[in-house]
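Let's take a friendly walk through a structure with two chains' worth of things to look at. Keep the picture open as you read, and find each part as it comes up.

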Amino acid sequence: MLSSLLLTLLLLSSAGYYLGRNRAFRVAGDHIRNLHSLPSFYGSYTALWCGLPALIVVAVWAMLQPGVILELVVAGLPPELRELPPDRLGLVLNDIQNLVSGNIVSSAPDPAILAAAEHYRNLQLTGHVCLWIVALLLATAGIAYGWRAISPKLRARNQVERVVTLLLIASSTVAIFTTVGIVLSVLFESIRFFHKVPLTDFLLGLQWSPQTALRADQIGSSGAFGVVPLFAGTLLISGIAMLVAVPIGLMSALYLSEYATPKLRAIAKPMLEILAGIPTVVYGFFAALTVAPLIRDTGAALGLQVASESALAAGLVMGIMIIPFVSSLSDDVINAVPQSMRDGSYALGATKSETIKRVLLPAALPGIVGSILLAVSRAIGETMIVVMAAGLSANLTANPLQAVTTVTVQIVTLLTGDQEFDSAKTLAAFALGLLLFIVTLILNIIALHVVRKYREQYE
Amino acid sequence: MNTMTIEARVPLDGALNPNAREVPLSSTQITDYDHRQTVGKITVDNPKMLCREVNVYYSEKHALRQVSLDIGANEVIAFIGPSGCGKSTFLRCLNRMNDTIASCRITGQIQLDGDNIYDKNIDVVQLRARVGMVFQKPNPFPKSIYENVAYGPRIHGMVNGKAELDELVQASLERAGLIKEVEKRMDEPGTSLSGGQQQRLCIARAIAVNPEVILMDEPCSALDPIATAKIEELIDELRENYTLVIVTHSMQQAARVSQRTAYFHLGDLIEIGETDQIFTNPKHKLTEDYITGRFG
């Protein structure tokens with residue numbers, strides 16, 4: 001229903017475009033120069049007048065209609081149904097809606113509910129017909145208005161461009177509102193969690209075992225929600241990953257941008273970037289099946305106790321995975337440092353490495369920090385490799401040879417499978433998510449500060 | 001002829017004969033435009049650098065042909081010529097800055113104090129410490145004013161300790177005529193200075209390494225007349241201690257600051273001689289055409 005209406009509006013708008021453009025040609029007389037704007041702007045002007053108001057009405061209508069219809073249906077229900085408690089009433093309404101859309105209903109429908117469904121269907125039909133009529137009327141009125149308004153003096157270009165600006169603003173706010181929405185949803189669930197588990201227990205607890213008891217006398221379900229071991233695991237693995245990725249990434253970026261011949265660079269850079277395209281699950285089993293046994297055997301040969309799932313294995317492979325984030329972005333920013341900087345340094349008798357150390361790296365620092373930051377957030381958010389290679393046991397340890405687990409892995413294990421959304425166990429996932437978000441936010445702010453303080457601007 | 005143009009182009013400077021065009025041209029002027037052998041005396045009595053039969057190729061392009069000239073100690077020599085004539089290319093040969101261009105190939109001999117700078121045993125890093133360079137567009141490093149000047153002495157280990165470095169930075173800025181303007185703002189970024197100040201900072205930066213020769217590639221082309229005047233004054237003062245080679249598009253500038261002038265045309269060194277003579281009595285028709293503004 002709605003899609004065919006939108007299609008019709010689109011057709012009408014394009015008709016409006018041609019009408020407007022033709023009229024512009026007509027009022028221009030023998031010379032387009034007489035017009036304030038190019039004819040296509042007059043076309044767009046008419047099309048916008050045709051499409052925009054109608055679209056806005058359709059959008060608002062589509063948002064309000066279900067609610068209004070539901071109100072009307074409830075009002076039309078027999079009193080004994082209407083007086084039901086809210087949750088039972090909700091079930092009845094659900095049944096009615098299922099009947100309307102032809103889905104399976106919970107029980108054999110009684111006549112009152114059947115009648116209500118019929119009522120619902122009628123209301124829906126009326127609503128749609130009204131919407132069609134209103135939208136088409138508005139669209140034609142828009143065309144008429146736009147068409148009549150066209151004159152050589154009409155500043156169609158400015159008005160069309162203003163609409164385009166508004167469109168751009170709207171697009172940029174989508175991302176912002178999405179972020180706000182995500183944060184709010186996580187926040188509310190987290191608040192529910194903190195009603196069950198005190199904030200201090202959560203932040204300072206050294207024990208993580210999220211099994212809560214169903215019955216009071218159940219054993220083996222202590223239900224400890226201390227995040228310290230999880231964050232320690234996250235930091236340990238991310239730290240190992242950064243120890244691998246930053247030096248290797250930076251040095252390969254320096255080689256690519258300063259030493260490699262253009263030919264080699266053209267081949268090597270895409271090859272490095274392929275690393276970023278490998279699915280993380282592939283890295284995961286590479287870590288679990290190849291690297292972890294290798295580390296265990298090496299450790300055994302050296303007389304060390306190595307768990308078969310270790311932070312080291314996960315961290316190493318994760319480090320390899322994020323090398324391209326560091327190298328590719330750093331390479332770009334180092335390349336963006338003007339050649340005149342290099343020339344200036346060489347002309348003073350500096351060697352290549354002195355130039356890199358003292359001129360290029362400081363000048364490219366903001367970009368390099370940015371790339372490292374991106375890599376860090378990638379490392380903190382990475383889940384698959386850790387699930388497969390580092391294990392699930394929440395050990396509080398700084399020993400990279402032991403199994404650890406991370407925040408993201410715990411979120412996954414808490415939320416996979418059938419869940420009841422009011423237990424502390426499930427809600428803990430949201431609290432973890434919120435904490436993770438806050439931590440990365442703080443990291444971002446720190447990095448921004450560092451960049452601003454040490455940046456050397458070259459323009 | 002077109003006297004008006006000439007008067008506009010050639011400054012009525014003390015160094016020049018105001019009635020330059022009235023002086024009859026030497027009867028030996030070469031009027032053949034295809035004559036590409038260098039006219040004039042290429043040698044000097046006390047050469048700092050000797051260039052013999054220098055050829056430069058960019059890939060297949062023969063950018064500079066058989067250029068031979070001497071650069072005398074403590075003189076200012078100006079390279080002039082229309083765009084693309086090879087003067088900047090030649091300048092960049094003198095401290096091997098062309099090494100950074102992969103497709104560039106150089107033949108011939110360039111000597112600094114008798115040593116061929118393209119010899120295998122020559123360390124290009126040390127060469128560039130002896131032959132400094134100032135670029136067309138001021139290119140201070142994105143560091144503080146102090147750090148910009150201290151850069152060279154630091155990488156060459158020229159000083160022991162902070163006090164000595166401070167002194168050297170002060171002295172270099174003073175010789176570049178910038179000290180009064182930056183004394184109180186040594187920690188501000190070099191890029192916060194005005195264009196002319198930035199260029200003098202680049203000169204100070206070059207002087208700090210205590211080079212023997214300073215190459216300047218159109219050092220004033222991005223500057224306003226007042227900043228240009230300051231730099232020209234500075235060039236004149238620097239001549240006492242250094243040998244200067246300056247590429248310029250402004251013939252007034254060449255006339256004002258240099259003792260000898262070399263005219264390049266499409267990869268050839270056409271004419272070289274005393275600046276006065278080049279501007280008053282060019283021996284080659286091409287030179288005359290250029291300095292009288294007939295082209296270029």
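## How sure is the model?

Residues 1-25 of chain B are a good place to begin, since pLDDT stays under 50 there. For that stretch the model has 32 contacts beyond four places in sequence. Keep in mind that everything here comes from a predicted model.

Looking at chain B as a whole, the mean pLDDT is 85, and 90% of the chain's residues reach 70 or more. The model also carries two overall scores, an ipTM of 0.84 and a pTM of 0.73.

## Where the two chains touch

How many residues does each chain bring to the contact? Chain B supplies 24 residues and chain A supplies 18 residues. On the chain B side, the elements that give two or more residues are α3 (124-130), β6 (131-134), α4 (145-155) and α7 (195-208). Of these, α3(B) gives the most, with 4 residues.

What kinds of residue make up this side of chain B? They divide into 12 nonpolar, 8 polar and 4 charged.

## Strands in chain B

Now find strand β1 (residues 47-58) and strand β4 (residues 104-112) of chain B. They run antiparallel and are joined by 8 bridges. One place to look is Cys51(B), which stands opposite Ile110(B) of β4(B).

β4(B) also pairs with strand β5 (residues 115-116) of chain B, again in the antiparallel sense, over 2 bridges. Here Leu112(B) stands opposite Asp115(B) of β5(B). The hairpin of β4(B) and β5(B) has 2 residues between the strands, and in this hairpin Asp113(B) takes a positive phi near 50 degrees.

## A helix pair in chain B

Two packed helices are described by the angle between their axes and the distance between the axes. Try this with α4(B), which you met at the contact between the chains. α4(B) packs with helix α5 (residues 161-175) of chain B at an angle of about 110 degrees, and their axes are 9 Å apart. α4(B) is therefore roughly perpendicular to α5(B), and their crossing is right-handed.

Which residues make this contact? From α4(B) come Tyr146(B), Val149(B), Ala150(B) and Pro153(B), while α5(B) offers Leu165(B), Leu168(B), Val169(B), Ser172(B) and Leu173(B). They divide into 8 nonpolar, 1 polar and no charged.

## Two helix pairs in chain A

In chain A, start with helix α4 (residues 86-101) and helix α5 (residues 111-149), whose axes come within 9 Å and cross at roughly 60 degrees. That angle is why α4(A) counts as oblique to α5(A). The crossing of α4(A) and α5(A) is right-handed. Val92(A), Asp95(A), Ile96(A), Leu99(A) and Val100(A) of α4(A) meet residues of α5(A), including Tyr120(A) and Arg121(A). The residues of this contact divide into 8 nonpolar, no polar and 2 charged.

Next come helix α9 (residues 262-277) and helix α11 (residues 311-336) of chain A. Their axes come within 7 Å and cross at roughly 135 degrees, so α9(A) is oblique to α11(A). Is the crossing of α9(A) and α11(A) left-handed or right-handed? It is left-handed. Lys269(A), Leu272(A), Glu273(A), Leu275(A) and Ala276(A) of α9(A) meet residues of α11(A), among them Phe325(A), Ser327(A) and Asp331(A). The residues in this contact divide into 8 nonpolar, 2 polar and 3 charged.

Definitions and conventions. Residues are numbered from 1 along each chain as its sequence is written. Chains are lettered from A and ligands numbered from 1 in the order in which they are written. This is a predicted model: local features need pLDDT of at least 70, side-chain atom pairs count only at pLDDT 80 or more; totals for chains, interfaces and linings use all residues. Two residues are in contact if their C-beta atoms, placed from the backbone, lie within 7 Å. Ala, Val, Leu, Ile, Met, Phe, Trp, Tyr, Cys and Pro count as nonpolar, Asp, Glu, Lys and Arg as charged, and the others, Gly among them, as polar. Axes are lines fitted to C-alpha atoms, for helices over the stretch in contact, and angles run from 0 to 180 degrees between N-to-C directions. Angles under 35 degrees count as roughly parallel, over 145 as roughly antiparallel, 65 to 115 as roughly perpendicular and the rest as oblique. A crossing is left-handed if the near helix is turned anticlockwise from the far one by less than a right angle, and right-handed if clockwise. pLDDT is the predictor's confidence in each residue, from 0 to 100. Two strands pair if DSSP finds at least two bridges between them.
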